[in-house]
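User: Please take a close look at a single strand in this structure and describe its setting in detail. I would like a connected account that begins with the strand and then moves outwards to its surroundings.

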Amino acid sequence: MRVPYILSLTLLSLAAASSVHAAGKDPAVICAEAEERYVSLTGQPSSEAEGVVVVTMYKYNFCPAQIIVPVGTTVRWVNVDKRTSHSVLSPGAGMPESDRAFPDESVEFTFLTPGDQDYLCGPHWETRDMIGMVTVEE
């Protein structure tokens with residue numbers, strides 16, 4: 001599914017304005033749980049992944065929801081949910097929708113264009129506001 005860039009930016013703004021996601025839980029709590037799941041799966045913190053920046057997908061959230069990376073950085077989205085599959089697309093970056101990443105699977109994309117670029121979960125951006133932002137710096 002292709003999402004018009006302007007529409008997806010509007011949706012990103014709406015999602016960022018919301019302070020409560022996933023059954024009323026604080027996003028910081030959800031992301032802490034996601035990191036615990038990541039460590040249990042990989043044996044190391046996400047910050048120690050080599051050659052990539054890791055964003056986890058958990059309880060219909062991207063963790064962290066906003067990242068800043070230099071041009072040429074590969075972002076790896078890792079599904080740490082137990083039962084839900086997710087996909088990732090970034091219309092502004094020219095990233096088509098990925099295949100579904102099932103639990104414990106990942107999706108990667110290298111960002112080559114500077115600027116703010118939203119990314120979405122194909123099946124969950126409309127119903128669950130599963131939207132994130134990467135700022136790519138030169």
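The account requested here concerns strand β4 and its surroundings.

Analyst: The model is predicted, and what follows describes it as computed. Strand β4 covers residues 73-79, and 6 of its 7 residues are buried, so the strand is largely enclosed by the rest of the structure.

The partners of the strand come next. Strand β1, residues 53-58, pairs with β4 in the parallel sense through 5 bridges. Within that pairing, Arg-76 of β4 stands opposite Val-54. Strand β5, residues 106-111, runs antiparallel to β4 and is joined to it by 6 bridges. In this pairing Val-78 has Ser-106 of β5 as its bridge partner. In general terms, strands of a sheet pair through backbone hydrogen bonds, in either the parallel or the antiparallel sense.

These pairings belong to an open sheet of 4 strands with the order β2-β1-β4-β5 and mixed pairing. The edges are taken by β2 (61-63) and β5, each of which has a single partner strand, so one side of each is left without a neighbour in the sheet. From one strand to the next, the twist averages 25°. Beyond β4, strand β1 also pairs with β2, in the antiparallel sense and over 3 bridges; there, Thr-56 has Cys-63 of β2 as its bridge partner. Helix α2, residues 27-42, packs on this sheet and touches β1, β2 and β4, its direction making about 110° with that of β1.

The side chains give a second view of the strand. Trp-77 lies in β4 and is among the residues with the most contacts inside the largest nonpolar core, together with Phe-62, Val-88 and Phe-111. That core has 19 residues. Strands β1, β3 (66-70), β4, β5 and β7 (131-137) each supply at least two of its residues, and β5 gives the most, with 3. Val-88 touches Trp-77 and, among others, Met-57, Phe-62, Val-107 and Leu-120, leaving aside residues up to four places away in sequence. A second, separate core of 10 residues includes Ile-30, Ala-49, Val-52 and Tyr-58.

Aromatic contacts add to this picture. The whole structure holds 4 aromatic pairs. In one of them, the ring centres of Trp-77 and Phe-111 are 6.2 Å apart and the planes stand at 65°, so the pair is edge-to-face. Since Trp-77 belongs to β4 and Phe-111 to β5, the pair ties together parts that are 34 residues apart in sequence. Both Trp-77 and Phe-111 are buried. The two residues also belong to one aromatic cluster with Phe-62, Phe-109 and Tyr-119.

Two of the strands that supply the core, β3 and β7, are found in another open sheet, of 3 strands, with the order β3-β7-β6 and mixed pairing. Here β3 and β6 (115-120) stand at the edges with a single partner strand each, so one side of each is left without a neighbour in the sheet. The twist in this sheet also averages 25° from one strand to the next. Strands β6 and β7 pair in the antiparallel sense over 6 bridges, with Val-134 of β7 as the bridge partner of Gln-117.

In short, β4 is largely enclosed, pairs with β1 and β5, and carries Trp-77, a buried residue of the aromatic cluster.

Conventions
Residues numbered from 1 in each chain as written. Predicted model: local features only at pLDDT ≥ 70, side-chain atom pairs only at ≥ 80, totals over all residues. Heavy atoms only, no water. Buried < 20%, exposed > 50% of the residue type's maximum accessible area, 1.4 Å probe, protein only. Pairing = 2+ DSSP bridges. Axes fitted to C-alpha atoms, helices over the stretch in contact; angles between N-to-C directions. Contact = heavy atoms within 4.5 Å. Core = buried A, V, L, I, M, F, W, Y, C linked by side-chain atoms within 4.5 Å. Phe/Tyr/Trp six-rings, centres within 6.5 Å; stacked < 30°, edge-to-face > 60°.
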